[in-house]
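Work through the exercises below with the model open. Try each task before reading its solution.

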2 protein chains.
Amino acid sequence: MASHQVTIKDIAKILGISASTVSRALKDHPDISPKTKKMVQAFAAKVHYRPNALALNLRRSKTNTIGIIIPEIVHHFFSSVLAGIDKVAYAAGYNVMICQSNEDYDREVSDAQALLDNRVDGILMSLSKTTTNFDHINGLIDNGVPVVFFDRAPEGISADRVVIDDYVGAKIATHHLISIGCKKILHLAGPQHLAIGKRRKEGYESALNEIGIDFNPDYLIKCDTRDEVFANAGKILTMANEIDGIFAVNDSTAIAAMQVLMKNGIKIPDHIAVIGFGDGPNATIAYPPLSTVEQKGIEMGKEAIQLLINQIENEEETYTPQTKVLTPVLRIRESTAKFKD
Amino acid sequence: MASHQVTIKDIAKILGISASTVSRALKDHPDISPKTKKMVQAFAAKVHYRPNALALNLRRSKTNTIGIIIPEIVHHFFSSVLAGIDKVAYAAGYNVMICQSNEDYDREVSDAQALLDNRVDGILMSLSKTTTNFDHINGLIDNGVPVVFFDRAPEGISADRVVIDDYVGAKIATHHLISIGCKKILHLAGPQHLAIGKRRKEGYESALNEIGIDFNPDYLIKCDTRDEVFANAGKILTMANEIDGIFAVNDSTAIAAMQVLMKNGIKIPDHIAVIGFGDGPNATIAYPPLSTVEQKGIEMGKEAIQLLINQIENEEETYTPQTKVLTPVLRIRESTAKFKD
DNA sequence: AACGACTCCGCAAACGTTTGCGTTAAAAAG
DNA sequence: CTTTTTAACGCAAACGTTTGCGGAGTCGTT
């Protein structure tokens with residue numbers, strides 16, 4: 001029944017004055033007499049008047065809302081990015097509208113359209129794995145919507161982006177294995193047509209080269225999910241006697257690998273040291289606790305939204321896009337505890 | 001620079017007809033002649049006309065947006081609820097606006113206010129741990145905003161809610177321990193002033209009673225985080241010889257407990273069987289893989305949004321609030337593999 | 001020839017604000 | 001006692017839509 005939020009017009013009618021006077025009184029405009037102000041403000045407070053954001057937004061073509069397109073929410077890395085975004089967005093007075101593409105291209109473009117339709121002030125996005133066409137984001141940019149990418153950014157599009165340095169991260173991880181004595185390191189790799197898989201593999205290769213070891217194609221297995229690890233268990237186990245270290249493209253596959261190795265009596269890290277990439281909560285939960293490089297989701301979120309807000313609020317001059325790259329930091333745990341002389 | 005999304009008025013001006021005609025032509029109104037329709041529709045398509053959602057929302061006081069207030073996003077359970085919500089919301093044509101309270105009461109009320117200001121069509125929420133005053137949600141309800149609670153719902157407020165049956169879940173878990181031979185079961189409990197902690201403890205107690213065992217206060221330790229487990233490690237270890245099972249109020253504490261036990265040479269499940277509550281991804285990652293009861297986040301999200309949509313779309317008559325309770329299901333893994341005769 | 005019935009379209013109000021400008025009355029200046 | 005200033009307020013347009021109503025013009029019926 002209430003069903004009717006009180007409006008400025010209502011107040012005006014009841015108080016017998018005009019809507020413009022009410023509006024000005026509420027914002028302390030000098031043209032309004034002190035008594036009128038007091039009266040209006042007191043009454044507004046009494047009836048819990050709140051401005052209608054829809055009307056405001058329409059009037060000033062500004063929604064104070066930023067849109068987010070994220071591949072999937074149920075993923076520790078992405079949800080921690082969200083947490084980082086949310087924190088500074090809230091502090092700066094912005095609301096967030098979150099869309100999840102579910103790694104689906106069509107959904108991604110429809111999300112972009114929806115955010116555009118709702119006139120968000122800016123968009124933060126991370127590409128879906130299936131996105132190869134960028135018309136929708138060019139559409140956003142053509143419409144003057146500020147966009148910044150995080151983690152997964154398109155090639156060849158001029159926009160702000162914040163990413164982590166996969167190449168360096170992989171290098172750090174591999175060097176760590178080397179530093180504890182590993183010489184024959186297996187790499188469980190992601191798909192090489194994706195930047196992330198490719199760069200991590202390159203970092204691994206480069207670290208090996210730096211100490212004079214040539215990349216051995218036998219020491220690379222394409223598998224980047226738990227299921228794939230189990231599917232490749234046989235292959236991994238036959239190599240187990242030969243290798244002394246594993247660098248996995250992400251934590252889940254590192255952990256799965258540890259699970260198959262241990263189930264077959266191979267000791268970690270005594271026999272084989274293992275390191276992952278990502279540092280979700282899984283790493284500390286695993287047995288043995290997994291060494292890894294931390295991906296800094298929260299920080300990434302904060303940087304991204306900060307870039308976006310800057311872009312929104314200084315939209316006067318022409319903006320030259322920036323790229324922030326975060327370097328992952330090594331987290332040493334028991335899966336690579338020093339085990340050789 | 002584009003900076004100006006094309007509007008109905010623009011189209012009208014260019015085509016030399018009125019805005020109302022354009023509007024009607026776009027929605028195939030019978031009053032418009034076929035040629036005019038074709039002309040308008042063709043032109044609108046050419047310039048990529050898209051209706052301004054702000055204006056639409058204002059006009060029909062309907063935003064097609066539902067608001068969500070969630071304690072924290074970086075939490076597997078909550079993010080899977082979000083995933084469930086998102087899935088059916090998207091299918092039904094709604095956008096979602098997500099606010100995270102960070103378990104903070106003040107933030108929760110400010111979030112509620114923001115959603116109200118933005119005239120969301122309905123609100124889905126899960127209470128922050130620090131919320132004891134419910135004025136803000138009564139405010140929402142008084143304003144006629146449909147609200148449904150999930151997981152953490154307020155007592156004494158008449159509203160839809162979907163929760164899981166903590167009591168039964170705890171009972172199932174405890175009975176499972178009993179079924180494999182455990183007689184002396186330690187309970188790592190949550191705070192008893194919170195419903196969740198209390199009901200899980202009661203379920204545990206009831207299961208024991210059903211097989212004629214009295215609740216032994218010595219077998220209850222208040223600790224529900226990893227850190228608390230480590231802080232109570234001494235206490236737990238001194239009991240380790242005496243007990244044969246542990247039921248923990250959630251998976252993280254169950255896993256932490258396994259970690260301290262194993263580090264001290266106690267075998268799981270041979271010596272002590274362990275079961276948790278929640279079934280996040282941690283459970284399968286743990287060593288040994290953790291038995292637990294599954295909390296069904298996705299399903300909870302789907303049910304909740306469905307309830308909300310029903311409420312939004314049949315808002316004619318007076319609505320009598322429902323409560324859906326989901327019963328958790330047992331997931332047996334190695335941490336409770338049968339170990340006694 | 002006149003009248004009704006259609007067809008097709010435009011006017012204007014409305015949603016809730018904000019704001020430039022004009023208006024009124026009282027106060028200050030001459 | 002005029003005239004100008006100033007204080008305090010209201011009108012109306014605007015943001016982009018939708019929609020009830022009315023108005024032209026056309027056609028068909030008597």
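**Exercise 1. Find what the side chain of B:Ser18 contacts on DNA strand C, and give the distance.**

Solution. This is a predicted model, so read each distance as a property of the prediction.
Step 1: Take the N or O atom in the side chain of B:Ser18; a phosphate oxygen of DNA strand C lies 3.0 Å away.
Step 2: Apply the 3.5 Å cut-off for a pair of N or O atoms; the pair counts as a polar contact.

**Exercise 2. Sort two further contacts of DNA strand C, those of A:Asn52 and B:Arg59, by the part of the strand and the part of the residue involved.**

Solution.
Step 1: For A:Asn52, a polar backbone atom is 3.3 Å from a phosphate oxygen of DNA strand C.
Step 2: For B:Arg59, an N or O atom of the side chain is 3.3 Å from a base nitrogen of the strand.
Step 3: Sort them: A:Asn52 goes with phosphate and backbone, B:Arg59 with base and side chain.

**Exercise 3. Describe the protein surface near DNA strand C: which residues come nearest, which helices supply it, and what classes does it hold?**

Solution.
Step 1: 25 residues surround the strand, and the nearest are A:Ile8, A:Ser23, B:Thr21, B:Arg24 and B:Thr36. Sugar and phosphate make up 55% of the strand C atoms that come within 4 Å of the protein.
Step 2: Chain A brings helices H1 (8-15), H2 (19-26) and H4 (53-60), and chain B brings H2 (19-26) and H4 (53-60); each supplies at least two residues.
Step 3: Count by class: eight nonpolar, nine polar and eight charged.

**Exercise 4. Do the same for DNA strand D: which residues are closest, and which helices supply the surface?**

Solution.
Step 1: Of 25 surrounding residues, A:Thr21, A:Arg24, A:Thr36, B:Ile8 and B:Ser23 are the closest.
Step 2: H2 and H4 of chain A, with H1 (8-15), H2 and H4 of chain B, each give at least two residues.
Step 3: The classes are eight nonpolar, nine polar and eight charged. Of the strand D atoms within 4 Å of the protein, 55% belong to sugar or phosphate, and the rest to bases.

**Exercise 5. Which part of DNA strand D faces each of A:Ser20, A:Ser33 and B:Thr7 in a polar contact?**

Solution.
Step 1: A polar side-chain atom of A:Ser20 is 3.0 Å from a base nitrogen.
Step 2: A backbone N or O atom of A:Ser33 is 2.7 Å from a phosphate oxygen.
Step 3: A polar side-chain atom of B:Thr7 is 3.2 Å from a phosphate oxygen.

Methods:
Residues numbered from 1 in each chain as written. Chains lettered and ligands numbered in written order. Predicted model: local features only at pLDDT ≥ 70, side-chain atom pairs only at ≥ 80, totals over all residues. Heavy atoms only, no water. Near = heavy atom within 4 Å. Polar contact = N/O pair within 3.5 Å; in protein donor to acceptor, adjacent residues only side chain to side chain. Helix = DSSP H or I, 4+ residues; strand = E, 2+ residues; numbered from the N terminus. Nonpolar A, V, L, I, M, F, W, Y, C, P; charged D, E, K, R; others polar.
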